[in-house]
Amino acid sequence: MIFTEKKGIKIAAQNRKAHHDYFVEDSFEAGIELAGTEVKSIRAGTLNLKDSYCSIKDGEAFLIGMHISPYEKGNIFNKDPERVRRLLMHKREIRKLHALVKQDGYTLVPLSVYFKNARVKVQIGLCRGKKNYDKRDAAAQRDAKRTIDRAMKSH
């Protein structure tokens, strides 16, 4: 459970694979519709953003594939861990995202889930998929930077 504290923001989970698999063109903040036991489970740090994505249907945005483990003390109030959750955004933002997603190659991917003044927020990235050669190029640049930093540190 890694929390970084700045201006009332506590990060609960990050989707590191998103930056590896996609070029993040833009990011948006959205609220998320949750049950009480799900919020308690997120506070405990038991959520996973791997393989999750967002879709827009009938003017509403939904988060699909986010896994929130059932809260231990939640008994009958626990919801399905993989259920589809509605995102809370302004209509004009949803319309803008829908228009952009209809373009070829764009997708909506959740980048992180965090608490902002006791409210659970999701950072959504407007992303375009990377090809394998893009991933190799990014890895090569990262390695080159690491070797340069090492050389600078030793001198």
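Let me begin with one residue, Gly65, which is buried, with a relative accessible area of 17%, and which counts as buried because the word is used for anything under 20%. I should say at once that what we are looking at is a predicted model, so please keep that in mind as I go along.

Where along the chain does Gly65 sit? Gly65 belongs to the loop that lies between strand 5, residues 60-64, and strand 6, residues 67-68. If we set aside the neighbours within four places in sequence, Gly65 is in contact with Asn48, Lys50, Ser52 and Glu82. Cys54 is eleven residues away from Gly65 along the chain, and the C-alpha atoms of these two residues are separated by 8.7 Å.

Let me now step back to the whole protein. There are four helices and nine strands, and, reading from the N terminus on, the elements follow the order β-α-β-α-β-β-β-β-β-α-β-β-α. The C-alpha trace spans about 60 × 40 × 30 Å along its principal axes. The protein has 155 residues, and 32% of them count as buried, while the surface that the protein exposes comes to about 10300 Å², with carbon and sulfur atoms supplying 51% of it. Among the contacts with a separation of 6 or more, 67% are accounted for by residues 24 or more positions apart. As for charge, the protein carries 32 positive and 19 negative charges, and the mean positions of these two sets are 4 Å apart.

A second buried residue is Ala18, and its relative accessible area is 1%. Ala18 is placed in helix 1, residues 16-21. Which residues does Ala18 touch, not counting those up to four places away in sequence? The answer is Val109 and Leu111. Tyr133, on the other hand, is 115 residues from Ala18 in sequence, and the distance between them in space, C-alpha to C-alpha, is 16 Å.

Next I would like to turn to the backbone, and to two residues with a positive phi. Asp51 is a residue other than glycine, and its phi is near 65°, a positive value. You will find Asp51 in the loop between strand 3, residues 47-48, and strand 4, residues 53-57. Is Asp51 buried or exposed? With a relative accessibility of 67%, Asp51 counts as exposed, because that word applies to values over 50%. Glu72 is 21 residues from Asp51 in sequence, and their C-alpha atoms are 24 Å apart in space.

The other residue of this kind is Ala118, which has a positive phi of about 70° although it is not a glycine. Ala118 lies in the loop that runs between strand 8, residues 106-116, and strand 9, residues 119-129. Its relative accessibility is 60%, so Ala118 counts as exposed.

Finally, a word about the aromatic rings. How many aromatic pairs are there, if we ask for ring centres within 6.5 Å of each other? The count comes to zero. There is, however, a charge placed over a ring: the charged end of Arg43 sits over the ring of Phe115, at 4.3 Å from the centre of that ring.

Definitions and conventions. Residues numbered from 1 in each chain as written. Predicted model: local features only at pLDDT ≥ 70, side-chain atom pairs only at ≥ 80, totals over all residues. Heavy atoms only, no water. Buried < 20%, exposed > 50% of the residue type's maximum accessible area, 1.4 Å probe, protein only. Contact = heavy atoms within 4.5 Å. Areas by Shrake-Rupley, 256 points an atom, 1.4 Å probe, with all protein chains shown as cover. Lys, Arg positive; Asp, Glu negative; His and termini not counted. Charge placed at Lys NZ, Arg CZ, Asp CG, Glu CD. Phe/Tyr/Trp six-rings, centres within 6.5 Å; stacked < 30°, edge-to-face > 60°. Lys NZ or Arg CZ within 6 Å of the ring centre and 35° of its normal.
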